[in-house]
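These are my notebook entries on one chain, written while I had its sequence and model open side by side. I wanted to look up the overall make-up, then the cross-links and charged pairs, and last a few single residues.

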Amino acid sequence: MSCLQTIQDYGLRSIGLGERLLPKSDFTLCEQFTLIGSGMIWNVYFGIMALATGFFLATALAVGKASSNIWLRKPSEWFIFIFRGSPLFIQFFFAYFLFLSLKKPYPMFDGFTSAWLGALIVLFFNTAAYSGEIFYGALRSIPKGDIEAADAYGMSGWSRFRRVVWPTTLRLAWPAYTNEAIFLFHATTLVFFSAFPAWQQRGDALYYASYFADKTFNPFVPYPILAFYFILLTLVVIGGFGLVNKRLNRHLPAAKKAKMQFRLKLAR
């Protein structure tokens, strides 16, 4: 079988298109690259969906935590504390058994026990908590001169928040938020170890990498391939978020523009 035929057969297998059965023996390098790359579709799905939805919840949490209203501040503080204070791996297990217990009396929760929805919800809450704390810190770091300038122009309430407070918050928080986005994409590999089952053997990239490692008894081929894909994904995230960072700081002199800084996270 040619490599092109392998890509046609297995390139979209993780989403149910192409060959149903996995190769059993005589694994080629092309098969490993193709299937692990196919599984990356799910990792990208988890990361993009969790970021896109978690951004708005993070905004609400940051504003709520900075609020003087105790009914807004305390729930935001506790939400952030719980999801930042507990390991993501444990959150997956608790969520799965919660959805499983709700599934019996309420059939509407059936989809929540699948990885595509249940694991996504966990990632959504987790990244919202971390991002909310990042945005909260940026809110507290807004220079007073910016607020005073907005007041001098007659801005107040929603107008001041939309035109001054929130753009400045994003500009200050974006480098740290970029690091959170990178970590979130890496954390999607934990879905494989969670209780959420892969649907019809159509798992993520780590699912296929582990399959090849188990079958060949050689983890030094599939896992470096997996790392290669995540390095490429990280470069894409850095490039995309870097463009947004440049856009957010377009009004500043070159010497004062916030520079993207990345630090290796060994643990969370």
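Entry 1, the chain as a whole. I count a contact when heavy atoms lie within 4.5 Å. With that cut-off, and looking at contacts with a separation of 6 or more, I find that residues 24 or more positions apart account for 74% of them in the chain.

I note that this is a predicted model, in which local features need pLDDT of at least 70 and side-chain atom pairs count only at pLDDT 80 or more, while totals for chains, interfaces and linings use all residues. Residues are numbered from 1 along each chain as its sequence is written, and side-chain values use heavy atoms, with hydrogens and water left out.

For the elements I took DSSP runs numbered from the N terminus, helices being H or I of at least four residues and strands being E of at least two. On that basis the chain has 9 helices and 0 strands. Along the principal axes, the C-alpha atoms fill a box of roughly 70 × 55 × 30 Å.

I call a residue buried under 20% relative accessible area, exposed over 50% and partly exposed in between, using a 1.4 Å probe and protein chains only. Of the 268 residues in the chain, 43% are buried. The accessible areas come from the Shrake-Rupley method with a 1.4 Å probe, and for residues only the protein chains shown count as cover. The chain exposes about 15200 Å², and carbon and sulfur atoms supply 67% of that area.

Entry 2, the disulfide. I accept a disulfide when two cysteine sulfur atoms lie within 2.5 Å, and the structure holds 1 of them. It joins C3 to C30, with an S to S distance of 2.1 Å. Because C3 lies in helix α1 and C30 in helix α2, the pair ties together parts that are 27 residues apart in sequence. The torsion about the S-S bond of C3 and C30 is about 85 degrees, so I record the disulfide as right-handed. The two ends are covered to unlike degrees in my table: C3 is partly exposed at 40% relative accessible area, whereas C30 is buried at 15%.

Entry 3, the salt bridges. My criterion is a side-chain nitrogen of Lys or Arg within 4 Å of a carboxyl oxygen of Asp or Glu, and the structure holds 5 salt bridges.

I looked up K65 and E133, whose side chains meet in a salt bridge at 2.7 Å, N to O. This pair links distant parts of the chain, with K65 in helix α2 and E133 in helix α5 (residues 115-140), 68 residues apart. K65 counts as buried at 15% relative accessibility, and E133 as partly exposed at 22%.

In helix α3 I then followed E77. R73 forms a salt bridge with E77, the closest N and O atoms being 3.9 Å apart, and these two residues are 4 apart, about one turn of the helix. K74 also forms a salt bridge with E77, with its closest N and O atoms 3.4 Å apart. Salt bridges that share partners thus join R73, K74 and E77 into one network. I list R73 as partly exposed at 22%, E77 as partly exposed at 24% and K74 as partly exposed at 37%.

Entry 4, two loop residues. Is S67 buried or exposed? S67, in the loop between α2 (29-66) and α3 (70-85), is buried, with a relative accessible area of 19%. A polar atom of its side chain lies 3.0 Å from the backbone nitrogen of N69. Leaving aside neighbours within four places in sequence, S67 is in contact with L72 and R73, the latter being the partner of E77 noted above.

R202 sits in the loop between α7 (157-187) and α8 (205-216) and is buried at 16% relative accessible area. Not counting residues up to four places away in sequence, R202 touches R13, S14, G16, W42 and Y208. I also note that R202 and R20, 182 residues apart in sequence, are 9.2 Å apart in space, C-alpha to C-alpha.

Technical notes:
Polar contact = N/O pair within 3.5 Å; in protein donor to acceptor, adjacent residues only side chain to side chain.
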